[in-house]
Amino acid sequence: AGFEHAFLLPGTMGDGEVVECLEAMPAKALVVVALPCMQVESAEIGRAKELAALRSESGKGAKVGGVLIEGACVGDAEDLPYTSFVVESIQKKSSSTFRMSGLTGAANGHFGSELSGGNASAKWRRMEQ
């Protein structure tokens with residue numbers, strides 16, 4: 001009982017286009033959607049959540065089974081903090097604009113955190129270069 005097919009779709013497609021593709025794919029297909037990393041205002045987080053919720057309209061086709069964040073790991077010091085931020089942000093069901101973590105040290109910039117004041121978006125040094 002595994003996957004019989006695998007597909008990689010660009011996350012730049014509109015929802016309607018993705019749903020059309022899902023409808024044409026077999027139900028036992030693994031469908032992964034790719035998004036570029038470190039977008040302005042962490043837009044990859046919201047888009048990943050939207051894409052992960054898509055399914056074929058008839059219920060007979062595929063559903064999105066995963067999201068690939070392209071360029072998330074490049075071998076620099078931001079790999080781990082960024083991937084942790086992305087995974088945590090995509091998995092949580094709370095608001096993406098208001099967040100309280102209770103981690104005073106992280107909010108104050110300790111522990112190497114660049115997230116402060118509960119912001120759901122982050123500024124990454126890699127993108128400033």
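**Exercises on a predicted model**

Glutamate 23 belongs to helix 1 (residues 15-24), where helices are DSSP runs (H or I) of at least four residues, strands are runs (E) of at least two, and both are numbered from the N terminus. The model is predicted, so local features need pLDDT of at least 70 and side-chain atom pairs pLDDT 80 or more, while totals for chains, interfaces and linings use all residues. Residues are numbered from 1 along each chain as its sequence is written, and side-chain values use heavy atoms, without hydrogens and water.

**Exercise 1.** Classify the exposure of glutamate 23.

*Solution.* The classes are buried (under 20% relative accessible area), exposed (over 50%) and partly exposed in between, with a 1.4 Å probe and protein chains only. Glutamate 23 has 33% relative accessibility and therefore counts as partly exposed.

**Exercise 2.** Compare glutamate 41 and serine 42 in backbone and exposure.

*Solution.* Step one: glutamate 41 lies in the loop between strand 2 and helix 2, and serine 42 is found in the loop between strand 2 and helix 2. Step two: phi is positive in each non-glycine residue, near 60° for glutamate 41 and about 55° for serine 42. Step three: glutamate 41 counts as exposed because its relative accessibility is 64%, whereas serine 42, at 5%, counts as buried.

**Exercise 3.** Identify the residues that touch the most other members of the largest nonpolar core.

*Solution.* Such a core joins buried Ala, Val, Leu, Ile, Met, Phe, Trp, Tyr and Cys residues through side-chain atoms within 4.5 Å. Of its 24 residues, those sought are Leu9, Val18, Leu22, Val31, Leu54, Ile69 and Tyr82. Strand 2 gives the most to this core, namely four residues.
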